[in-house]
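Student: I've got a model open and I'd like to go through the labels people put on it. Can we take them one by one, with the numbers next to the cut-offs?

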Amino acid sequence: MAKIVGLPVEGLDCANCAAKIEDALVRAGLEEARVSFATRQIYLPADQVDLAQQVIDSVDKGVTIVRSAAALAEGTATAGIRAADADEEGEAEEGRMAWSELVAAGVLFLVGTLFHSQLHNTPFALAEYGIMLVAYFLVGRRVVAYAIRNAVKGQFFDENFLMTIATLGAIAIHELPEAVAVMLFYAVGEYFQNRAVDRNRRSIRALLAVRPDHANVRRNGRVERVSPEAVAVGEEIVVFPGERVPLDGELVQGSTFVDTSALTGESRPRRVQEGDTVLAGSVNTSSMITLRVIRPFGESSIARIMKLVEEAASRKAPTERLITRFARYYTPVVVFSALALAVIPPLILPGASFAEWVHRALVLLVISCPCALVISVPLSYFSGLGAASRRGVLIKGGNYLDALARLDTVVWDKTGTLTQGVFRVTEVTAYNGFTREQVLELAAHGEAFSRHPIAASIREAYGRPVREDLVSDYEEFAGRGVRVRVGDVPVVLGSVQWLRQEGIPCEEAAGAVGTVVLVAAGGKLAGRIVIRDEPKTEATGAIRDLRALGVRRQVMLTGDDRSVAEHVVQTLGLDQVQANLLPEQKVAEVERIVQERAGHDRGTLAFVGDGINDAPVLTRADVGVAMGALGSDAAIEAADVVIMDDNPARLADAVRVARRTRRIVWENIGFALGVKLLVMLLAAVGMANMWAAVFADVGVSLLAILNASRLLWPAYPASNAGSRSEREVRAAA
């Protein structure tokens with residue numbers, strides 16, 4: 001399957017047009033194609049660009065896909081957004097010209113209005129026509145041109161065509177001031193609407209402006225400035241104070257403070273020293289450092305973040321799809337209603353004049369465009385995604401914002417999610433003639449190839465180099481343990497259940513509190529290692545915040561020992577725990593919880609985890625939430641939401657953003673439909689003129705866009721380890 005790319009689109013100046021183009025693409029068989037007016041981009045498979053352009057030409061020849069070679073190569077919208085950024089200066093110049101035309105048309109309109117009062121005087125009437133038509137041309141020529149172009153293609157339910165018919169009708173009944181005023185008001189509204197959309201677009205692009213543009217790589221004894229994509233894994237790069245880290249790397253020389261706010265939402269700089277991992281996108285704030293690159297740019301943290309944020313724009317929420325379908329039928333219904341209003345009353349009502357009822361019908365035509373809905377709803381979701389990103393939470397689409405807004409059950413993983421994921425050996429007990437040192441040596445060699453945090457803690461407790469040449473026949477069984485040969489000795493490591501399954505007696509080793517790893521050598525129990533992992537400091541506050549937000553049930557699933565799991569549950573105040581679970585048993589347990597909720601709850605279920613073993617259950621949940629900083633790539637790919645700083649309290653932040661987004665979406669829907677319906681009724685009884693109609697169209701669109709923009713304003717601070725009171729949490733929600 002071809003990769004999905006995001007490419008900029010030129011000439012896309014109407015939200016309703018974007019919806020029509022997307023509808024045409026889907027009906028033509030390009031089911032994966034998505035058109036975003038918020039970013040002025042099209043998302044589609046790379047091998048379907050030519051076909052997509054042909055379909056677009058059949059709908060609107062003025063809309064063109066900009067074929068960015070960089071975007072096609074990267075397979076993401078990153079290059080597309082950079083190309084769009086390059087056009088910002090041109091957009092600013094176009095905005096200045098549009099403002100000049102608006103001012104000139106406004107002056108001509110005022111002068112023409114003075115002549116309108118002297119219609120009985122022929123010279124004044126001619127002067128009025130001359131002045132008003134010039135003003136009409138200045139602000140309406142593009143609308144008329146689009147209308148003619150669309151009419152030739154048989155598209156009569158277009159905003160431009162409807163505005164043109166309405167204003168030309170006003171001119172025909174000798175209402176020039178009204179015709180010019182409507183077009184002028186419409187143009188002013190469009191101007192401010194475009195500025196508001198551009199402002200939102202720049203705010204979203206600012207989230208993606210963290211892409212480093214160069215790397216200082218050390219080659220042949222000197223430092224060269226190259227593109228981050230040109231640096232190979234293992235090379236050393238130098239990052240000077242004030243520079244953005246271009247690639248993920250291990251600090252090999254120096255120490256400094258790095259600002260990770262672009263990645264995690266954390267405002268305080270973090271100290272890093274030799275041996276620490278520094279992520280791409282961080283800003284070096286104090287000292288020069290040298291990093292050894294550990295991932296190519298395409299797999300770095302910042303590239304992953306950009307990819308997730310950009311692709312989120314193409315995933316539509318159910319409400320967005322509903323509004324798109326509604327708009328498809330709404331405009332024709334209003335147009336035919338206007339036609340009926342112009343024709344039927346004069347035929348059946350005594351004394352009714354065609355001129356009066358045609359005027360009322362023209363008012364309805366102006367109202368008929370659904371742009372207020374078609375632009376404000378997607379823009380609200382896009383702004384919500386941006387607001388969550390600023391708090392270090394990446395949500396992969398508007399559909400997951402909707403799901404988070406209805407969250408009522410959270411299933412937590414334990415290790416690395418609610419606990420620190422930093423294990424420490426607290427006890428080593430030897431049996432059957434083995435010594436403590438022998439137990440640690442066997443365990444460290446047995447865990448030589450494991451990447452699990454428990455294995456790392458055992459190797460750290462051993463404290464000496466592990467001889468990998470002594471290790472053979474290594475087999476790791478997820479959730480159970482390890483079977484391996486160390487030298488000539490067969491070794492089994494794992495839980496009590498695993499050793500029993502292997503036929504090794506181990507009753508005397510049961511009963512310890514903590515994560516227990518039993519070590520058997522030569523078919524008999526050699527020792528017991530007890531490891532502990534403490535809860536994260538933010539976990540208690542995270543669970544309390546979610547409960548205050550109305551999340552009724554919080555469950556923990558873990559493969560760890562029950563005694564350890566119950567200790568964590570009691571400490572954090574969770575409702576339920578299931579321990580000693582294998583990965584497939586976690587999926588089954590989530591299935592069971594889903595079945596329990598069936599028919600009773602309308603809310604959604606989220607699973608929060610961080611490990612590769614969590615990928616299947618992340619996929620099964622209504623909302624899969626992955627810890628991004630420590631989490632595995634498999635978990636992040638499978639998840640719908642990624643928490644970039646591993647702080648569980650960010651989930652409550654995401655729920656607040658989601659609920660605020662949903663509230664603003666429905667505010668905009670109710671406001672737009674309410675105002676349009678009111679003005680329609682007033683127009684039908686002759687109590688609304690075209691000024692009111694233009695407000696119901698462009699004015700409502702502008703107000704809805706400004707309302708959507710509120711999502712990008714900080715309404716409340718991000719979570720601080722859940723330190724706020726329950727009342728404050730409820731107020732923020």
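Tutor: Sure, and keep in mind that this is a predicted model. Let's start with W498, which has a relative accessible area of 3%.

Student: What makes W498 buried?

Tutor: Buried means under 20% relative accessible area. W498 has 3%, so it is buried.

Student: And why is F477 called partly exposed?

Tutor: Its relative accessibility is 23%. Partly exposed covers what lies between 20% and 50%, so F477 falls in that class.

Student: Why is the pair of F477 and W498 called tilted?

Tutor: The ring centres are 5.0 Å apart, and centres within 6.5 Å make a pair. The planes stand at 40°; under 30 degrees would be stacked and over 60 edge-to-face, so this pair is tilted.

Student: What does the pair of F477 and W498 tie together?

Tutor: F477 belongs to strand β17 and W498 to helix α17 (residues 496-501), so the pair links parts that are 21 residues apart in sequence.

Student: How many aromatic pairs does the structure hold?

Tutor: Two aromatic pairs. F449 and Y474 form one of them, at 5.5 Å centre to centre with 80° between the planes.

Student: What makes the pair of F449 and Y474 edge-to-face?

Tutor: The angle between the planes is 80°, and over 60 degrees counts as edge-to-face, so the label follows. F449 sits in the loop between α15 (436-446) and α16 (453-462), while Y474 is in strand β17 (residues 471-477), so this pair ties together parts 25 residues apart in sequence.

Student: Are F449 and Y474 buried or partly exposed?

Tutor: F449 is partly exposed at 34% relative accessible area, and Y474 is partly exposed at 24%.

Student: How do you know that β17 pairs with strand β18?

Tutor: Two strands pair if there are at least two bridges between them, and β17 and β18 (residues 481-486) have five, so they pair. They run antiparallel, and F477 has G481 as its bridge partner in β18. The hairpin of β17 and β18 has three residues between the strands, and G479 there takes a positive phi near 80°.

Student: Why is strand β24 called largely enclosed?

Tutor: Six of the six residues of β24 (residues 604-609) are buried, so the rest of the structure largely encloses this strand. T604, A606 and V608 point one way, L605, F607 and G609 point the other way, and all are buried.

Student: Which strands does β24 pair with?

Tutor: Strand β15 (residues 407-413) is joined to β24 by five bridges, running parallel, with L407 opposite T604. Strand β25 (residues 623-627) is joined to β24 by four bridges, also parallel, and there V608 stands opposite V625.

Student: What makes R360 count as a charge over the ring of W357?

Tutor: The charged end of R360 is 4.1 Å from the ring centre. The distance limit is 6 Å, so that part of the test is met. R141 also lies over a face, that of F137, at 5.5 Å from the ring centre.

Student: Where is the confidence lowest, and where is it highest?

Tutor: Helix α25 (residues 726-732) is lowest with a mean of 41, and strand β13 (residues 289-293) is highest at 94. The protein averages a pLDDT of 78, and 80% of the residues score at least 70.

How values were computed:
Residues are numbered from 1 along each chain as its sequence is written. This is a predicted model: local features need pLDDT of at least 70, side-chain atom pairs count only at pLDDT 80 or more; totals for chains, interfaces and linings use all residues. Side-chain values use heavy atoms; hydrogens and water are left out. Rings of Phe, Tyr and Trp (its six-membered ring) pair if their centres lie within 6.5 Å; planes under 30 degrees apart count as stacked, over 60 as edge-to-face and the rest as tilted. Buried means under 20% relative accessible area, exposed over 50%, partly exposed in between (1.4 Å probe, protein chains only). A charge sits over a ring if NZ of Lys or CZ of Arg is within 6 Å of the ring centre and within 35 degrees of the ring normal. pLDDT is the predictor's confidence in each residue, from 0 to 100.
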